[in-house]
Each structure stands twice: as C-alpha cells, then as structure tokens.
Amino acid sequence: MALDQSFVGRTYPPTPPYEVGREKIREFAEAIGDDNPAYLDQEAAKALGHPDVVAPPTFVFAITFKAAGQVVEDPQLGLDYSRVVHGDQKFAYTRPVRAGDRLSVTTTIDAIKSLAGNDILDIRGEVHDETGEHVVTAWTKLVSRAPEEV
C-alpha cells in the first residue's frame, strides 16, 4: 500500500545532542580508510585553521540516519522497514563537524513518491550545534520495495 502523501512536510522534534568525540572521528576515519591528518591529529587540524580534529564528510550519516528513525518508526506512516533499502545520500555543509560539537538533528519528510509499486521516501536532516548554528543538511532517500506477488 502506498505511503500517505499527507506526511510530506511533517517535521519531527530535534534529537537530543550527540557529542562528537575525537576517538569516534578517528575510528570512523580508520574504518573508511582515510588517513587525512585533519581527522586524526589535533595539531594538523589546527594548522589548517580548525579548532580541533574534523570529521570526514560522511561521518554525520550515523547521526542523521539515527534521527531518521523517527520517520521510519512512526506507526502512523506505516512504513514496512523490512522492505527498505537505502537509495541515496547527499550532504550540504555550512562548516565541518568537529570534535566537541554537540549536534542535534531535526528531521523532515521532503517527499513521498510511488514508482512501480515501490515507495520512495525523501528525508531531510538539518543538523545544528548547541548554539543553533547550522552545520550540515543531509538528505536520505529510502526505497520501500513493493511486496512480491505470490
């Protein structure tokens, strides 16, 4: 069954702050195989004009995808997560994510489309630090596959 179009534009409450740690950034950089010194060494990051180490651009996915869980788990929306695949991801940064940031995400459903029996859900996560400064906007596309015919 197609998802309800009336959910387009629905915004969910901001998440509790997530504190970005140097060790989490280092672990993430190592996991993706990126040895950029700005991710690993505070002095190298400072030499580039940052107050502390910065996170790789895709680091914020973990925070925004968790926040998108508010959409996925909304019983009124009725999304069958067992049929969902990740369709696309993009980011628009105002500034890098840095160690010490306390980030909250406000999630909005930007679009719901049906295509060949599949539901396509576009979710936007606006990430702000604890001062209210915009850090990054993340867009996630989820595809809920059509049930298989028996």
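Residues are taken as buried when their relative accessible area is under 20%. In this predicted model, I63, T64, A67, A68, G69, V71 and V72 of helix α4 (61-72) are buried by that criterion. The buried residues of α4 are packed against four strands, namely β1 (18-19), β3, β4 and β5. The expected span of a helix is 1.5 Å times one less than its number of residues; for the twelve residues of α4 this gives 16 Å, which agrees with the 15 Å that separates its end C-alpha atoms.

The strands form an open sheet of five members, arranged in the order β1-β3-β4-β5-β2 and paired in the antiparallel sense. The edge positions are held by β1 and β2 (84-93); each has a single partner strand, so one side of each lacks a neighbour in the sheet. For β2 the pairing with β5 is antiparallel and extends over nine bridges. A92 has T137, in β5, as its bridge partner.

One cavity of 30 Å³ or more is found in the structure. The volume of the largest cavity is about 40 Å³. Two or more lining residues are contributed by each of α4, β3 (102-115), β4 (118-129) and β5 (134-144). The lining consists of T64, A68, V105, T107, I123, R124, G125, A138 and T140, with the largest share, three residues, supplied by β4. By residue class, the lining comprises four nonpolar, four polar and one charged. T64 and A68 thus appear in the lining of the largest cavity and among the buried residues of α4.

Note on methods
Residues are numbered from 1 along each chain as its sequence is written. This is a predicted model: local features need pLDDT of at least 70, side-chain atom pairs count only at pLDDT 80 or more; totals for chains, interfaces and linings use all residues. Side-chain values use heavy atoms; hydrogens and water are left out. On a 1 Å grid over the protein atoms alone, a cavity is a set of points where a 1.4 Å probe fits but cannot get out, and a pocket is an open set with protein on both sides within 12 Å along at least five of seven lines; lining residues have an atom within 4 Å of a point. Grid points are joined across faces, edges and corners, and a volume is the space filled by probe spheres set on the points. Ala, Val, Leu, Ile, Met, Phe, Trp, Tyr, Cys and Pro count as nonpolar, Asp, Glu, Lys and Arg as charged, and the others, Gly among them, as polar. Buried means under 20% relative accessible area, exposed over 50%, partly exposed in between (1.4 Å probe, protein chains only). Contact means heavy atoms within 4.5 Å. Two strands pair if DSSP finds at least two bridges between them.
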